Structure formats: C-alpha cells, structure tokens
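Student: Could you take one part of this model, look at it closely, and then set a second packing arrangement beside it? I would like the criteria stated as you go.

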Amino acid sequence: MSSATNPIIEQLLAHRSIRQFKDKTLTNHQIHELIEAAQHASTSTFSQQYSIISVTDQRILSEFAEITGHPWLLKSGHYFVMIADQYRNLQIARKANADPFVLHTTDKFLAAVFDASIATENVMVAAESMGLGATIMGSILNDSKRVIDLLGLPELTFPLLGIAIGYPADQPELKPRLPQEEVHFVNQYQLPSDKTQLTQYDQVLSDYYRSRGSNNRVETFSHHIVSELGIGHHVRADLLSNIKSQGFLISQAED
Ligand SMILES: Cc1cc2nc3c(=O)[nH]c(=O)nc-3n(C[C@H](O)[C@H](O)[C@H](O)COP(=O)(O)O)c2cc1C
C-alpha cells in the first residue's frame, strides 16, 4: 500500500535527505517561514523549550564541516542548529523567584529534546514543501563541547542537531523503509518469530544500495546495523558529562 491520499502524505513519502546543493542561498522570507513552521510544532507542556541558531559565519560553518565530517554543508543555502533550551525558562523562573530545580531534571532535558526534534522535522517538511531539500545532522555531537563553545551556549542549553538546507542539486533514490509489520505492533510488543521479513528487507535494501546512483555498494540492513556497532567505544563518550556540565540530568531525591 503506497498510494498517498493527499499531497501532504505524498510529500512525506517522497522524503529523501539532500546532500548536494545548488549555489543559491535561502531568502530571509524563506528562513522566517521555516522558523514559523518549526514554532507551530507541538511542544511539551507548552514550554517551547528549544532554540534555533542560524549559522551564517563562514568560520563557524567551516568548524561545523570539520566536526561533522560533512564539508558539503558549506554548499548549503542555510544552516540551522537546533538547541535543547531550558535557559529561557530558567530566566523566567529566576525573575519570579521560583525554584528552577525541575528545569535541570532528566524529564525536562528529554522534554527539550522532544521539542527540538519535532521542530526539526517541521523544518524538514516545510523546506520540502518549498521545493528545498535538507539533511539533519546528528554528527554535530561528534564534538559537543566545541559546538557549545562555538555557539556560546549558556547553562541549560545543549546542541542537538544541525540542519543543512538548500536547493537540491540531485534527486537521490528513495531509501526503502522496513516493512510495517517490523515497526507497528498491536497492543503488545511483537517478539521476532519469523525472520523472513527482515531477510526480505535485507534483499530490498541490498538491491537499493547496489543500484543507486551514487556511493553504491554491497550492503544489507543487518550488515549496516552491525557495522554501526563498530564505530568504537570512545566515540561521543563525553556526551553524558557534557550534558551534565550544561546543568542537565540532576538526580531527583525520592520522597
Ligand atoms: C537524528 C538524525 C541524525 C542524522 N544525522 C546525520 C548526519 O550526521 N549526517 C548525515 O549525512 N545524515 C544524517 N541523518 C540523515 C539520515 O542518514 C537519513 O535520514 C537516513 O539515512 C534515511 O535516509 P533519507 O532521509 O534519505 O530517507 C540524520 C537523521 C536523523 C533523524
């Protein structure tokens, strides 16, 4: 079943990350609309606990290219960084002489991560609706401390994702997703009883990787997942301590 019932679903089903861009920057109007779209995403407890930084300084962008290992971001038409942000609400709490403890908890860190992530997808969908393309970049976390310093992030903020946006210079093949039976269960988690689904998907993905236009290779989904495990234990090992250094994940006393 893949026939979309309306243009929005059709666009969602046609999503692909774009990593090659035409030499054209976004207009201020486009940037404004993308931020507006992000801001109208659902937000946990209506706390709007994220911020978005447009990075336009070429020196900072070059550092991001280095951190992410994605020099092609320099060719994008605009670059956003999505920030988990309880700092703004901390200021409100301080002004009201309210105890800000809750803003430091794991719960509120997660709420900020949810908010920023959902806003990120709104930016992606809005960009695609404008004929633009984008790639979300978790790889800014390869050096979260450097990102914190580069962007001057205060306490109770944490960088989560970059988004490189621009006019697509290529149209990559759609990446096939898992069969629905693998990701959608009813009432109870479905333990794997039948391996044929995944085996079939391995074949589908292997055909995709073999025949796609660029960077084609021999690869199955299972092999991809296993190779992801080989990145090494040291990669992003500082993440937890950097999140804590920003003031998050304070443990709550049980009462
Ligand atoms: C949280 C998150 C982090 C990602 N980080 C990166 C990244 O650092 N570099 C990159 O090239 N793509 C990144 N991607 C894009 C994924 O690789 C891409 O969505 C996935 O391979 C599926 O391909 P598609 O988006 O073209 O369908 C990220 C996506 C998400 C949701």
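Tutor: Two strands count as paired if DSSP finds at least two bridges between them, where strands (E, at least two residues) and helices (H or I, at least four) are DSSP runs numbered from the N terminus. The model is a predicted one, in which local features need pLDDT of at least 70 and side-chain atom pairs count only at pLDDT 80 or more, whereas totals for chains, interfaces and linings use all residues. Residues are numbered from 1 along each chain as its sequence is written, and side-chain values use heavy atoms, with hydrogens and water left out.

The part I choose is strand β4, residues 157–166, which is largely enclosed by the rest of the structure because 10 of its 10 residues are buried (under 20% relative accessible area, 1.4 Å probe, protein chains only). Strand β2 (residues 78–85) runs antiparallel to β4 and is joined to it by eight bridges, with His 78 standing opposite Ile 165 of β4. Strand β3 (residues 133–137) is likewise antiparallel to β4, through five bridges, and here Ala 134 is the residue opposite Ile 165.

For the second arrangement, consider helix α2 (residues 28–39) and helix α5 (residues 106–129), whose axes (lines fitted to C-alpha atoms over the stretch in contact) lie 8 Å apart at an angle of about 135°, on a scale from 0 to 180 degrees between N-to-C directions. The contact (heavy atoms within 4.5 Å) involves Leu 34, Ala 37 and Ala 38 of α2, and Ala 119, Asn 122, Val 123, Ala 126 and Ala 127 of α5.

Notes:
Buried < 20%, exposed > 50% of the residue type's maximum accessible area, 1.4 Å probe, protein only.
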